[in-house]
Amino acid sequence: MSAVQKALTIQRWTLLTLAGWIVGIALLLLIAGMAEAVKMEGQWMVGLGMSLGVGGIQWLGLRKHIDKSSAWIWTTVVGMTIPWVAADTLRYFLHFRPDDQVLPATMVGACLVGWLQWRYVFRGANTTALGWVLVTLAAWTLATLAVIPLGFYNRIQVPKWLVVPLAFITLFSGGVILGWITGIKMKHIINPKGKVPA
């Protein structure tokens, strides 16, 4: 691990993750459009788009702090995309609804992402594999649960003027939750001896 040039605060990590979350949504829409053009189906684009956005922007904040940060993007993308592809494949045989795979695929993906990140980025740093996997699992799971209500606003009696603000708050809350939870652990990994402003 390289010497810390500037402390990576929880706020900065949360903002980076939120930016990555927003980029991920844009990439998801782009990939979905391209997939529809070539008549490809499945929910795999969710895992690919979100992991590319989040992993890519988070890497921008990590690259000056960790020597092995170059592995951050691919570990995030591979770890989060594989379970979504597997869920799509299983759905053809088990015939469950696409919505039913969101939370399980995300949770399995989070565990895989956490382990890959520890194995190829954090190994030898100030954390254990189990510690980082559990934090990653909690962060991605809670972020996903925070976004799920988005699909219910049209089914319940919410005033029309409130739907759009609520939708934006709900959609972007996932990035804030993901960033804040992983940021708390990240500050101990990057700056184990220093006091990082919370």
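Which residues form a nonpolar patch on the surface? Keep this question in mind while the whole model is brought into view; the patch is the second stop of the tour.

**The whole chain**

The model on the screen is predicted. Display the protein chain as a cartoon: six helices appear, and zero strands. Read from the N terminus, the elements follow the order α-α-α-α-α-α. The chain has 198 residues, and 44% of them count as buried. Switch to a surface display next. The protein chain exposes about 10700 Å², of which carbon and sulfur atoms supply 70%. Among the contacts with a separation of 6 or more, 76% join residues 24 or more positions apart.

**The surface patch**

Select Trp74, Val78, Ile82, Trp115 and Tyr120, and show their side chains. These residues form the nonpolar patch on the surface, and together they have about 460 Å² of accessible area. Two helices, α3 (72–94) and α4, each supply at least two residues of the patch. The greatest share comes from α3, which gives three residues. One of the patch residues, Ile82, lies in helix α3. Ile82 counts as partly exposed because its relative accessibility is 47%, a value between the limits of 20% and 50%.

**The largest core**

Hide the surface and turn to the interior. In soluble globular proteins, nonpolar side chains tend to be buried together. The largest nonpolar core in this model has 17 residues. Select Leu8, Trp13, Leu62, Trp72, Phe122, Trp132 and Met186, which have the most contacts inside this core. The elements that give two or more residues to it are α1 (10–37), α2 (44–62), α4 (102–122), α5 (129–147) and α6 (160–190).

Centre the view on Trp132 and display its surroundings. Leaving out residues up to four places away in sequence, Trp132 touches Trp72, Gly114, Gln117, Trp118, Phe122, Thr127, Thr182, Lys185, Met186 and Ile189. Apart from the largest core lies another core, of 16 residues; Trp21, Trp84, Ala87 and Ala105 are among them.

**Along helix α4**

Colour the buried residues of α4: Ala105, Thr106, Gly109, Ala110, Val113, Gly114, Leu116, Gln117, Trp118, Val121 and Phe122. An α-helix has 3.6 residues a turn, so residues three or four places apart point the same way. Past the end of α4, select Gly124, whose phi is positive, near 90°.

**Two buried polar side chains**

Is Asp88 buried or exposed? Select this residue in helix α3. Asp88 counts as buried because its relative accessibility is 6%, and the limit for buried is under 20%. Its side chain reaches the backbone nitrogen of Gln43 at 2.9 Å. Apart from neighbours within four places in sequence, Asp88 is in contact with Gly42, Gln43, Trp44 and Gln101.

Move to Thr14, in helix α1. Thr14 is also buried, with a relative accessible area of 8%. A polar atom of the Thr14 side chain lies 2.8 Å from the backbone oxygen of Ile10. Beyond residues up to four places away in sequence, Thr14 touches Gly175, Val176, Gly179 and Trp180.

**Between α1 and α2**

Select Met45, which lies in helix α2. Met45 is buried, with a relative accessible area of 10%. Not counting residues up to four places away in sequence, Met45 touches Leu28, Ile31, Ala32 and Ala35. From C-alpha to C-alpha, Met45 and Ala35 are 8.4 Å apart in space, and they are 10 residues apart in sequence.

Now select Leu29, found in helix α1. Leu29 is exposed, with a relative accessible area of 60%. Leu29 and Val46 are 17 residues apart in sequence, with 8.9 Å between their C-alpha atoms.

**Two loop residues**

The last stop concerns backbone angles. Most residues other than glycine have a negative phi. What is the phi of Lys39? Select Lys39 in the loop between α1 and α2. Its phi is near 60°, a positive value in a residue other than glycine. Lys39 is exposed, with a relative accessible area of 75%.

Finally, select His95 in the loop between α3 and α4. The phi of His95 is near 55°, which is positive in a residue other than glycine. His95 counts as exposed because its relative accessibility is 65%, and the limit for exposed is over 50%.

Technical notes. Residues are numbered from 1 along each chain as its sequence is written. This is a predicted model: local features need pLDDT of at least 70, side-chain atom pairs count only at pLDDT 80 or more; totals for chains, interfaces and linings use all residues. Side-chain values use heavy atoms; hydrogens and water are left out. A nonpolar core is a set of buried Ala, Val, Leu, Ile, Met, Phe, Trp, Tyr and Cys residues joined through side-chain atoms within 4.5 Å. Buried means under 20% relative accessible area, exposed over 50%, partly exposed in between (1.4 Å probe, protein chains only). Helices (H or I, at least four residues) and strands (E, at least two) are DSSP runs, numbered from the N terminus. Contact means heavy atoms within 4.5 Å. Patches are made of residues with over 30% relative accessible area and no salt bridge: like charges are joined within 9 Å, nonpolar side chains (Val, Leu, Ile, Met, Phe, Trp, Tyr) within 5 Å. Accessible areas come from the Shrake-Rupley method with a 1.4 Å probe; for residues, only the protein chains shown count as cover. A salt bridge is a side-chain nitrogen of Lys or Arg within 4 Å of a carboxyl oxygen of Asp or Glu. A polar contact is a pair of N or O atoms within 3.5 Å; within protein, one must be able to donate a hydrogen and the other to accept it, and residues adjacent in sequence count only if both atoms are side-chain atoms.
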